[in-house]
Amino acid sequence: MPDEAFDVAVIGGGSAGYVGAIRGAQLGLKVAVIEKEKVGGTCLHRGCIPTKSFLHSSELAHQIHGAAALGIKTDGLQVDWPAVLKRKETVVNQLWRGTEFLLKKNKVKDSGQAVNAKNLVVATGSRPKSLPGLKMDGNRVINSDHAVTLDQMPKSIVIVGAGAVGTEFACVYNGYGAKVTLVEFLPALLPLEDADVGQQLAKVLSKRGITVLTGAQLQPDTLKQANGKMTVAVKTGEQSQTIDGERLLVAVGREGITDGFGLEKLDIQVEKGYIKTDEHYRTGHPNVFAAGDVIGNFLLAHVAYYEGEHVMEYIAGKNPKPLDYNRVPRATYTYPQVASLGLSEKQAIDQGLKVKVGKFPLVGNAKSVILGETEGFVKIISDADSGDLLGVFIIGANATELISETALAKLLESTPWEIGASIHPHPTVSESVKEAALAVDGLAIHI
């Protein structure tokens with residue numbers, strides 16, 4: 001038996017695990033983190049961070065291609081893929097070392113051995129799913145984990161799944177000059193967002209040269225490999241077509257990691273691949289909690305951060321308030337970026353709410369015109385009876401930064417009128433948020 005006793009042991013040193021552990025230590029709890037790989041988890045090593053490094057380089061290449069319109073001429077642009085990979089590794093390693101430092105600073109024990117603890121937090125994260133009948137080999141047929149370590153950039157690629165992961169990688173490879181085909185089973189890109197957003201993103205990506213196929217079903221049994229390429233059939237309605245690429249990236253979602261560490265020995269319910277918890281992230285066992293991707297909800301690092309912190313505050317007796325997931329901002333780092341929170345227009349109507357909608361096109365925003373990034377909008381959904389802010393959807397430059405203003409508004413129970421009454425600096429893209437808020441009552445100025 002281990003000699004050292006802890007208040008909390010955390011299985012998994014990813015977003016929920018390490019952030020929760022630090023918060024627990026800040027609250028006076030003695031915490032150990034058990035991580036089989038490197039602390040930081042999927043987000044730091046295979047997800048958010050490496051993909052955003054790729055996207056930054058890719059978007060810069062895209063902007064340079066269009067720089068002539070800004071009076072800057074460039075010739076002979078080349079993509080140095082080994083340098084792109086090196087830059088990604090530099091970013092990841094810097095943040096990883098910082099995470100290790102923070103754990104040591106807060107006296108959290110990073111343990112690879114058995115520990116004795118009063119409470120257990122399962123924060124084991126998630127892994128990519130595949131399609132039935134489609135086997136990933138890590139070379140030609142890959143998932144997002146494989147994609148961040150490819151030693152060669154594909155000249156052509158088929159991406160199956162047009163959620164956040166699929167659309168981001170579509171932008172990555174397109175920006176680097178690859179031929180990209182994006183296949184989505186549902187009728188629109190980013191199917192979890194407001195329908196207007198998916199339609200606008202499809203329009204922009206198609207204009208950029210990405211082949212976008214929606215309402216399309218990949219036929220895994222038709223996959224063939226020959227001469228360094230793969231071909232596969234895609235069915236749209238009654239029609240079928242064959243598409244090809246050097247690689248096939250499967251981005252059809254993720255599943256919780258609930259196996260390999262003895263979870264089945266405890267009284268814990270797993271539902272649809274995720275651990276079931278209550279509003280304080282308690283499982284069926286009185287001293288076992290779960291947080292992060294492994295419980296489902298939004299599979300987002302910042303949500304995992306919150307859930308990990310909440311668990312520790314609950315264990316420490318701080319009585320934290322349960323999270324209203326309708327105030328969680330969501331971000332997709334395509335270019336143009338997409339950000340949102342709350343209910344879409346359809347979701348609000350389906351819930352029986354009477355809505356008012358304000359929509360402001362970025363073509364009416366001075367800073368967006370200066371940037372040459374006008375193919376987007378801000379859309380705000382309000383409750384027509386109460387005036388409450390129900391949802392916000394942004395597509396355009398800096399969308400992932402702009403959404404925080406409305407997330408704060410949601411937390412403070414502010415109305416669109418109050419967002420519109422706030423003075424925004426000019427010229428900034430943030431003025432489009434003010435204008436959309438004013439547009440809810442038909443008071444926008446620049447449309």
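Before anything else, a word on one term: when I call a residue buried, I mean that its relative accessible area is under 20%. Please also keep in mind throughout that what we are looking at is a predicted model.

Let me begin with helix α13, which covers residues 431–439, because 8 of its 9 residues are buried and the helix is therefore largely enclosed by the rest of the structure. The buried residues of α13 are Glu431, Ser432, Val433 and Glu435, followed by Ala436, Ala437, Leu438 and Ala439. If you ask what covers the buried residues of α13, the answer includes three strands, β20 (355–361), β21 (377–383) and β22 (389–396), together with the helices α11 (399–411) and α12 (416–421).

Strand β22 brings us to one of its partners, strand β19, residues 337–342. Here 6 of the 6 residues are buried, so that β19, too, is largely enclosed by the rest of the structure. The pairing of β19 with β22 is antiparallel and runs over 6 bridges, and within it valine 338 stands opposite isoleucine 395 of β22. Strand β19 also pairs with strand β18, residues 330–332, again in the antiparallel sense, through 3 bridges. These two strands, β18 and β19, make a hairpin, with 4 residues between them, and in that pairing arginine 330 has serine 340 of β19 as its bridge partner.

Serine 340 deserves a moment of its own. It counts as buried because its relative accessibility is 0%. Setting aside neighbours within four places in sequence, serine 340 is in contact with Glu193, with Val328, Pro329 and Arg330, and with Val392, Phe393 and Ile403. For a sense of distance, serine 340 and alanine 397 are 57 residues apart in sequence, while their C-alpha atoms are 14 Å apart in space.

Glutamine 337 is placed in strand β19 as well. Is glutamine 337 buried or exposed? At 18% relative accessibility it counts as buried, because the cut-off is under 20%. Its contacts, again leaving aside neighbours within four places in sequence, are Thr332, Ile394, Ile395, Gly396, Asn398, Ala399 and Thr400.

I turn now to the helices that pack against α1, which spans residues 15–26. In general, two packed helices are described by the angle between their axes and the distance between those axes. For α1 and helix α4, residues 81–105, the angle is about 30 degrees and the axes are 9 Å apart, which makes α1 roughly parallel to α4. The crossing of α1 past α4 is left-handed, and the residues that make the contact are Tyr18, Ala21 and Ile22 on the side of α1, with Thr99, Leu102 and Leu103 on the side of α4. By character, the residues of this contact divide into 5 nonpolar and 1 polar, with no charged residue among them.

For α1 and helix α8, residues 301–315, the angle is about 35 degrees and the axes are 7 Å apart, and here α1 passes α8 in a right-handed crossing. From α1 the contact takes in Ser15, Ala16, Tyr18, Val19, Gly20, Ala21, Arg23 and Gly24, and from α8 it takes in Ala301, Ala304, Tyr305, Gly308, Glu309, Met312 and Glu313. The residues of the contact of α1 with α8 divide into 8 nonpolar, 4 polar and 3 charged.

Tyr18 also appears in the surroundings of glycine 40, which lies in the loop between β2 (31–34) and α2 (41–45). Glycine 40 is buried, with a relative accessible area of 2%, and, not counting residues up to four places away in sequence, it touches Gly13, Gly14, Ser15, Tyr18 and His45. Glycine 40 and alanine 68, by contrast, are 28 residues apart in sequence and 40 Å apart in space, from C-alpha to C-alpha.

Finally, there is an open sheet of 3 strands in the order β10-β11-β12, with antiparallel pairing. Which strands stand at the edges? They are β10 (216–226) and β12 (239–245), each with a single partner strand, so one side of each is left without a neighbour in the sheet. From one strand to the next, the twist averages 25 degrees. Between β10 and strand β11, residues 229–236, the antiparallel pairing runs over 7 bridges, and leucine 218 stands opposite valine 234 in β11.

Conventions
Residues are numbered from 1 along each chain as its sequence is written. This is a predicted model: local features need pLDDT of at least 70, side-chain atom pairs count only at pLDDT 80 or more; totals for chains, interfaces and linings use all residues. Side-chain values use heavy atoms; hydrogens and water are left out. Axes are lines fitted to C-alpha atoms, for helices over the stretch in contact, and angles run from 0 to 180 degrees between N-to-C directions. Angles under 35 degrees count as roughly parallel, over 145 as roughly antiparallel, 65 to 115 as roughly perpendicular and the rest as oblique. A crossing is left-handed if the near helix is turned anticlockwise from the far one by less than a right angle, and right-handed if clockwise. Contact means heavy atoms within 4.5 Å. Ala, Val, Leu, Ile, Met, Phe, Trp, Tyr, Cys and Pro count as nonpolar, Asp, Glu, Lys and Arg as charged, and the others, Gly among them, as polar. Two strands pair if DSSP finds at least two bridges between them. Buried means under 20% relative accessible area, exposed over 50%, partly exposed in between (1.4 Å probe, protein chains only).
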